[in-house]
Amino acid sequence: MFIVLLSSAFIALMYLEGIKKGMPIKRWLILGGLLGPVAWCLFNLHYRRALVRNVGINACIWRP
């Protein structure tokens, strides 16, 4: 029962973060449900690499 609650909490978290950061949602929902907290780390790593790839390494990035 605890695993189901934890999985659904991470599915909701990955949904909200995916919407907020403009990432593909289906992929991260599935990974959030299967991997739990590990998906959060992978999500942040993937987002950062995509941001650096699009903006460049030496660019100044202003975040809210």
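Student: Which residues are exposed on the other side of H1, away from its buried ones?

Tutor: This is a predicted model, where local features need pLDDT of at least 70, side-chain atom pairs count only at pLDDT 80 or more, and totals for chains, interfaces and linings use all residues. Residues are numbered from 1 along each chain as its sequence is written, and side-chain values use heavy atoms, with hydrogens and water left out. Exposed means over 50% relative accessible area, buried under 20%, and partly exposed in between (1.4 Å probe, protein chains only). On that side of H1 the exposed residues are Val4, Leu5, Leu16 and Lys20.

Student: Within what arc do the buried residues of H1 fall?

Tutor: Helices are DSSP runs (H or I, at least four residues), and strands are E runs of at least two, numbered from the N terminus. In H1, Phe10, Met14, Glu17 and Gly18 are buried. They line one face of the helix, because their directions from the axis to the C-beta atoms fall within an arc of 105 or fewer degrees, namely 100 degrees.

Student: Which residues lie on the face of H3 turned away from its buried side?

Tutor: The buried residues of H3 are Ala39, Phe43, Ala50 and Leu51. Seen down the axis, they fall within an arc of 105 degrees, so they line one face of H3. The face turned away carries the exposed residues Cys41, Leu45, Arg49 and Arg53.

Student: At roughly what angle do the axes of H2 and H3 cross?

Tutor: Contact means heavy atoms within 4.5 Å. Arg27, Trp28, Leu31, Gly32 and Leu35 in H2 meet residues of H3, including Pro37, Leu42 and His46. Axes are lines fitted to C-alpha atoms, for helices over the stretch in contact, with angles from 0 to 180 degrees between N-to-C directions. The axes of H2 (residues 25-35) and H3 (residues 37-55) come within 6 Å and cross at roughly 145 degrees.

Student: How far apart in space are Met23 and Tyr47, C-alpha to C-alpha?

Tutor: Met23 lies in the loop between H1 and H2 and is buried, with a relative accessible area of 10%. Leaving aside neighbours within four places in sequence, Met23 touches Gly18, Trp28, Phe43, His46 and Tyr47. Met23 and Tyr47 are 24 residues apart in sequence, and their C-alpha distance is 7.6 Å.

Student: Which residues make up the largest nonpolar core?

Tutor: A nonpolar core is a set of buried Ala, Val, Leu, Ile, Met, Phe, Trp, Tyr and Cys residues joined through side-chain atoms within 4.5 Å. The largest has five residues: Met14, Met23, Trp28, Ala39 and Phe43.
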